[in-house]
Amino acid sequence: MSRPHAALRAAAAVELGSLAVLLVNLATTHLPPVSSLVGPLHGCAYLFVVVAAARDAGCDPAGKMLAWLPGIGGLLVLRRLARTPREKAASDSPR
């Protein structure tokens, strides 16, 4: 049983977690080994989120642009993809 967007969900979590680790490391001890290990992990997760959002057929242009936000972009894309068709129709209709 495959959940939809499972890879995007995992990459978004890794992106946010790794960014938190990098910022805590920067604010406290600034250990170079932590930056050397977590920095590339964060970069790969960030790129994965951007590419996954760009390739997703259900992702609208605004969602694809949200993916470019570091740290929270993946979570915002997932939130946008999780909206029901009824919510999408209500938000897209002119008022």
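In this predicted model, the cover over the buried residues of helix α1 includes α2 (32-55) and α4 (73-81). The residues of α1 that count as buried are Leu8, Ala11, Ala12, Glu15, Ser18, Leu22 and Asn25, and because they cover an arc of only 165° around the axis, they are placed on the same side of α1. Such an arrangement can be read against the regular geometry of this kind of element: an α-helix has 3.6 residues a turn, so residues three or four places apart point the same way. The face of α1 turned away from the buried side carries the exposed residues Val24 and Ala27.

The length of helix α1 was also compared with expectation. The helix comprises 22 residues, from 6 to 27, which at 1.5 Å a residue should span 32 Å, and the end C-alpha atoms of α1 are indeed 32 Å apart, so that the two values agree.

With regard to charged side chains, the count under the criterion applied comes to one salt bridge, in which the side chains of Arg80 and Asp60 meet at 2.9 Å, N to O. The pair links distant parts of the chain, since Arg80 lies in helix α4 whereas Asp60 lies in the loop between α2 and α3 (61-66), the two residues being 20 residues apart. Arg80 has a relative accessibility of 25% and therefore counts as partly exposed, and Asp60, at 27% relative accessibility, likewise counts as partly exposed, given that this class lies between the limits of under 20% for buried and over 50% for exposed.

How values were computed:
Residues are numbered from 1 along each chain as its sequence is written. This is a predicted model: local features need pLDDT of at least 70, side-chain atom pairs count only at pLDDT 80 or more; totals for chains, interfaces and linings use all residues. Side-chain values use heavy atoms; hydrogens and water are left out. Helices (H or I, at least four residues) and strands (E, at least two) are DSSP runs, numbered from the N terminus. The expected span of a helix is 1.5 Å times one less than its number of residues. Buried means under 20% relative accessible area, exposed over 50%, partly exposed in between (1.4 Å probe, protein chains only). The arc is that of the directions from the helix axis to the C-beta atoms. Contact means heavy atoms within 4.5 Å. A salt bridge is a side-chain nitrogen of Lys or Arg within 4 Å of a carboxyl oxygen of Asp or Glu.
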